[in-house]
Amino acid sequence: VALSPWKAIISWRSLRRGPDRRFDRSTILVISLFLTLLALVVVISGFAWSWRFGPDLVWIGGFGDAVIGWHWMLGLGLWAPLLVHVARRWPRPRSTDFTGRRSALKLAALTGAGLAGWQFAEALARLRADPDQPRAVTGSRCLAPFAGNAMPVTLSLGERELHIDPAMWRLQIVIDGMATEVTYARLLALPATELEATLDCTSGWYSPQRWRGVLLSDLLAAVSAHPGPTAVRLIGQSGYNTLLAGDSARDLLLATHLGNEPLATWHGFPVRAVAPACRGWQWVKWLARVEIIG
């Protein structure tokens, strides 16, 4: 943000020259304009989410998730046009660009402006913060703590069509290439474990909840003599999968209940992973297969 006025002057001079017959010049101009648009959306969406522009009611539910989701996705998408822009537009640096007195003063001024802007943004975010929705170190806001199935829902494309019959559902436990199937009824019959764990979602919210289910270590003891995994691959009914290693794998809970209720459909019924040390995107819902590694 501190660099924007300086960069705007440079960009305006370039735009005044406009496109010409050189293909490279015209193409890079379009790419640079696209980069500018993406950068503006990323910055504005970041400030909007951090400062919660508008009434609080707007930010409850999917709108806040959408804003921060587009913020980080477009932020990642910036890299492609940025690398093209830099490769074609950045002049060859000179030694004075790094050692000159004027460059050092300019860098110090921009650094100071950036630090001041950062502190101002943080102060404004704290001023507008809802005391009932404190922010975690990740920037996420607390939503629906200990509310059970009333906790927010995050769904990916195609997951709204998932409806699983618990009588037909089977959880595959794969050890050394050999699969053992566990029914929902058998899973419920095993000794249950309750724990409090916080789901911190990448879309900008977190929610501490009470979960109940079967520890993976207890399930392995019931179906095999495996001493415990060093890593596991979790695969959901939708095909979504992730890899957990170390303590995250050993402490994994196969949750069947959220609060005092069975999991709702959109929270991963009949079984979802609860990995207390991991971000929410690794808590695979609608578990169908657990591959034991090590």
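These legends go with close-up views of a predicted model.

**View 1. A five-stranded open sheet with mixed pairing.**
Reading across, the strand order is 3-2-11-6-7. Strand 3 and strand 7 (241–245) sit at the edges, each with a partner on one side only. Ignoring direction, neighbouring strands here are turned by 20° against each other on average. Helix 9 (residues 216–223) lies across strand 2, strand 3, strand 6 (231–236) and strand 11, and runs at about 80° to strand 2.

**View 2. Strand 2 and its two partners, strand 3 and strand 11.**
On one side, strand 2 (residues 170–175) runs antiparallel to strand 3 (residues 178–183), and six bridges join them. Look for V174, which stands opposite A179 in strand 3. With strand 11 (residues 287–293) the pairing is parallel, over four bridges. There, I173 of strand 2 faces V290 as its opposite number in strand 11.

**View 3. The hairpin turn at D176.**
Two residues separate strand 2 from strand 3 in this hairpin. D176 sits in the loop between these strands and has a positive phi of about 55°, although it is not a glycine. That's worth a second look, because most residues other than glycine have a negative phi. Is D176 buried or exposed? It's exposed, at a relative accessible area of 75%.

**View 4. Another positive phi, at W286.**
W286 isn't a glycine either, yet its phi is positive, at about 50°. The residue lies in the loop between strand 10 and strand 11. W286 has a relative accessible area of 1%, so it counts as buried.

**View 5. The cis peptide bond between F269 and P270.**
Omega for this bond is about 10°. Most peptide bonds are trans, so a cis one is worth pointing out. As for its setting, P270 is found in the loop between strand 9 (261–262) and strand 10 (272–274).

**View 6. Aromatic pairs, of which the structure holds three.**
Start with Y184 and F269: their ring centres are 5.7 Å apart and their planes meet at 70°, so this pair is edge-to-face. Y184 belongs to helix 8 (residues 184–189) and F269 to the loop between strand 9 and strand 10, so the pair ties together parts that are 85 residues apart in sequence. Both Y184 and F269 are buried. W211 and W283 make an edge-to-face pair too, at 5.5 Å centre to centre with 70° between the planes. This one also links distant parts of the chain, with W211 in strand 5 (residues 205–215) and W283 in the loop between strand 10 and strand 11, 72 residues apart. W211 is buried, with a relative accessible area of 1%, and W283 is buried at 2%. Back at the Y184 end, ring pairs link W169, Y184 and F269 into a cluster.

**View 7. Two arginines, R160 and R210.**
R160 is in the loop between strand 1 (141–142) and strand 2. With 55% relative accessibility, R160 counts as exposed. Which residues does R160 contact, leaving aside its neighbours within four places in sequence? They are L155 and W266. From R160 to T265 it's 105 residues in sequence, but 9.2 Å in space, C-alpha to C-alpha. The other arginine, R210, lies over the face of F146, at 4.5 Å from the ring centre.

Terms used
Residues are numbered from 1 along each chain as its sequence is written. This is a predicted model: local features need pLDDT of at least 70, side-chain atom pairs count only at pLDDT 80 or more; totals for chains, interfaces and linings use all residues. Side-chain values use heavy atoms; hydrogens and water are left out. Two strands pair if DSSP finds at least two bridges between them. Buried means under 20% relative accessible area, exposed over 50%, partly exposed in between (1.4 Å probe, protein chains only). Axes are lines fitted to C-alpha atoms, for helices over the stretch in contact, and angles run from 0 to 180 degrees between N-to-C directions. Contact means heavy atoms within 4.5 Å. Rings of Phe, Tyr and Trp (its six-membered ring) pair if their centres lie within 6.5 Å; planes under 30 degrees apart count as stacked, over 60 as edge-to-face and the rest as tilted. A charge sits over a ring if NZ of Lys or CZ of Arg is within 6 Å of the ring centre and within 35 degrees of the ring normal.
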